[in-house]
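Hello,

Here is the structure I promised to pass on. Please open it before reading further.

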Amino acid sequence: MQVYCTPCRGHGLEPTIFKQATMPQLIDAACEFLKVDKEKILGRRRMRNITEYRHMIMAYLSNARNYRLTEIGVAFNRDHSSVIHAKVHVSNLCATDELYSQTYASLTKYLDFQLPWVQTNQLKDHSTVDGNQQAPERKQKIRWYPYTLW
């Protein structure tokens, strides 16, 4: 998907094209940075070093790129609860282990630099996606309770 800014009266700049990275591209780039085979990351093995790298990538996709838990789980052949566990695991390890924290921070910086991501709301009021259509907004779930407690 391409996200770009069309020229408008406000700034008069040329259109800037940003390509948003897909999840498989992000996983490939993360595996390349961490020097691990993609098959091992996506596989079912539970060796500690592979599991920690898998958790790092899952946490990055959830925290920095705002993918849904189920989307991440499907990409890794796992359940959404595994992604929740990965996020908690990474945050706990980053708080206690300095080397792990540095590795996660460097992975985050690498992926943000190699495959930049632009939110459509960062392009202000003149952002468009693939032509003149407005970017689709993520709908928030509205919870409706049939009975009100007073």
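Below is what turned up on salt bridges.

A caution to begin with: this is a predicted model. The count comes to four salt bridges. Three of them are described here, among them one inside a helix.

Start with Glu52 and Arg48. Their side chains meet in a salt bridge at 3.1 Å, N to O. Both sit in helix H3, which covers residues 48-63. They are four residues apart there, so about one helical turn separates them. Their surroundings are not alike: Glu52 is buried, with a relative accessible area of 17%, whereas Arg48 is exposed at 59%. Glu52 counts as buried because 17% falls under the 20% cut-off.

Next, Arg65 and Asp112. Their side chains form a salt bridge at 3.9 Å, N to O. This pair links distant parts of the chain, 47 residues apart. Arg65 lies in the loop between H3 and helix H4 (69-75). Asp112 belongs to helix H6, residues 98-114. Is Arg65 buried or exposed? Arg65 is buried, at 4% relative accessibility. Asp112 is partly exposed, at 38%.

Last, Arg68 and Glu71. Here too the side chains meet in a salt bridge, with an N to O distance of 3.9 Å. Arg68 is partly exposed, with a relative accessible area of 41%. Glu71 is also partly exposed, at 31%.

Why do such pairs arise? Side chains of opposite charge can pair when their charged atoms come close.

Best wishes

Conventions
Residues numbered from 1 in each chain as written. Predicted model: local features only at pLDDT ≥ 70, side-chain atom pairs only at ≥ 80, totals over all residues. Heavy atoms only, no water. Helix = DSSP H or I, 4+ residues; strand = E, 2+ residues; numbered from the N terminus. Buried < 20%, exposed > 50% of the residue type's maximum accessible area, 1.4 Å probe, protein only.
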